[in-house]
Amino acid sequence: MDLRNRTTLVTGGAGLIGSFLVDRLLAAGARVIVADDFSKGRRAHLAHCAGRIEIREGNLEEPAAMAAALADAEVIFHLASRAYGVGFSAGNHLAILEHNEKITTNLISVLRARPVGHLLITSSSCVYRDDGPDTLDERPLFDGEPEKVNWGYGWAKRLMEQKCMLLARETGMPLTIVRPFNIYGERYAWLGNASQAIPMQVKKVLDGDDPVVIWGSGSQRRNYLHAIDCADAMAGLVEAGFTGAVNIGTEDTVTVRELVETICRVAGRAPRLVLDTTKPEGRTIKSADSTLLRRAYPGFRRTITLEDGLRRMLGWHRAEFARP
Ligand SMILES: NC(=O)c1ccc[n+]([C@@H]2O[C@H](COP(=O)([O-])OP(=O)(O)OC[C@H]3O[C@@H](n4cnc5c(N)ncnc54)[C@H](O)[C@@H]3O)[C@@H](O)[C@H]2O)c1
């Protein structure tokens, strides 16, 4: 699908991945609408393209806000979701599930009456069970519980996938389901202990914490992809006309300890690193089998290395927190 002159909608477009997706869609020549309640996303993340996009502010848990957001959209990239770190998830599984379910119900109710040219929904690698293989392909989901540390969130994403698959089957609407792994980058909101892992570590290092505390054993291995490359994959999959469920991530991993060491090196700091094994850390190894992604979107590339991505994040963080 050529996105040029298409009316695209990005729900959650003021967030980390969404704001980079807006840039990617503008570069492809699309007309871009952002629907966001700014609960976590920031207007500042879109300031550089103000005047080139339309913003529809509203809480998509409300049916009227969803209807207004989707009104004239031809292609929808659905990203809006309350996504927090595992520290927040631990005591809030039901609240996270309920929040996401409301949004999914509203999305489906509008699209059932008026299907669009293409729908992409953002699921997550959290849909996969903890005791699967270290490198995950797009296996069937209902052969165990989703990731334990993100239990409510994982179920919300699983339910959204199943409901949207039924909707696609009943309406004939093309549907892409993406399952990003660990996506990071600048343009995040600082949420204290509810923050996600990398923003949390970046802040600790730049605040001069010594020691810097790492949650868990530090030996848990993860795959990290910059949000620019994730956003490119999302747009590229729709441009390529891919339908079905696909991972967004790659096979390579680093340990969380190596991640923090890299942040320290890039920041020019050398704090002591201390492990807090009482904190949740999730499964030991998690990475993505990217075979399907590369086949579905042959243009997929990792354009930003972890070190370069962290350098971008640190520069952004310094500028952001230096503001009055
Ligand atoms: N970042 C990751 O590592 C990762 C991994 C897997 C999946 N995902 C998924 O990708 C999507 C985007 O993630 P992100 O990292 O950019 O998160 P983010 O929190 O930066 O962006 C989410 C955006 O949705 C908005 N939003 C939340 N609730 C809303 C509501 N009720 N109404 C309107 N807007 C609302 C927020 O204000 C924010 O701008 C989410 O669906 C998330 O679950 C992210």
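The protein has 10 helices and 15 strands. Its radius of gyration is 19 Å, close to the 20 Å that the globule rule gives for 324 residues, so the protein is as compact as a globular protein of that length. This is a predicted model. Along the principal axes, the C-alpha trace spans about 55 × 50 × 40 Å. Of the 324 residues, 45% count as buried. Contacts that reach across the sequence are frequent in the count: among those between residues at least 6 apart, 80% join residues at least 24 apart.

The strands can be followed from the N-terminal end. Strand β1 covers residues 7-11 and is mostly covered, with 4 of its 5 residues buried. Strand β2, residues 31-36, runs parallel to β1, and 5 bridges join the two. Within β2, Ala35 is the residue that stands opposite Thr11.

Strand β7, residues 175-180, is also mostly covered: 6 of its 6 residues are buried. In a regular strand the side chains alternate between the two faces of the sheet. In β7, Leu175, Ile177 and Arg179 point one way, while Thr176, Val178 and Pro180 point the other way. The residues of both sets are buried, Arg179 included.

β7 pairs with two strands described here. Strand β5, residues 118-122, runs parallel to β7 and is joined to it by 4 bridges; in this pairing Ile121 has Ile177 as its bridge partner. Strand β12, residues 244-248, is parallel to β7 as well, with 5 bridges between them. Here Arg179 of β7 stands opposite Asn247.

After β7 the chain enters the loop that leads to β8, and Phe181 lies in that loop. Phe181 counts as buried because it has 23 C-beta neighbours inside 10 Å, where the cut-off for a buried residue is 20 or more. Leaving aside neighbours within four places in sequence, Phe181 is in contact with Ser125, Asn223, Leu225, Asn247, Ile248, Gly249, Lys286 and Ala288. One of these contacts, Asn247, is the residue of β12 that stands opposite Arg179. Phe181 and Phe77 are 104 residues apart in sequence, and their C-alpha atoms are 17 Å apart in space.

The largest nonpolar core has 86 residues, and those that touch the most other members are Leu9, Ile17, Leu21, Ala227, Cys230, Ala231 and Met234. Helix α7, residues 227-239, gives the most to this core, with 9 residues. Ala227 is in contact with Leu16, Ile17, Phe20, Ile183, Tyr184 and Gly185, when its neighbours within four places in sequence are left aside. Ile17, one of these contacts, is itself listed among the core residues that touch the most other members.

The ligand is surrounded by 26 residues, and the closest are Gly12, Gly15, Leu16, Gly41 and Ser81. By class, this shell has 11 nonpolar, 10 polar and 5 charged residues. Helix α1 (16-27) and strand β8 (182-184) each supply at least two residues of the shell. Of the elements, α1 gives the most, with 3 residues. Leu16, one of the closest residues to the ligand, is also in contact with Ala227.

Definitions and conventions. Residues numbered from 1 in each chain as written. Predicted model: local features only at pLDDT ≥ 70, side-chain atom pairs only at ≥ 80, totals over all residues. Near = placed C-beta within 6 Å. Nonpolar A, V, L, I, M, F, W, Y, C, P; charged D, E, K, R; others polar. Core = buried A, V, L, I, M, F, W, Y, C linked by C-beta atoms within 7 Å. Buried ≥ 20, exposed ≤ 12 C-beta atoms within 10 Å, placed from the backbone. Contact = placed C-beta atoms within 7 Å. Rg over C-alpha atoms; globule rule 2.2 N^0.38 Å. Pairing = 2+ DSSP bridges.
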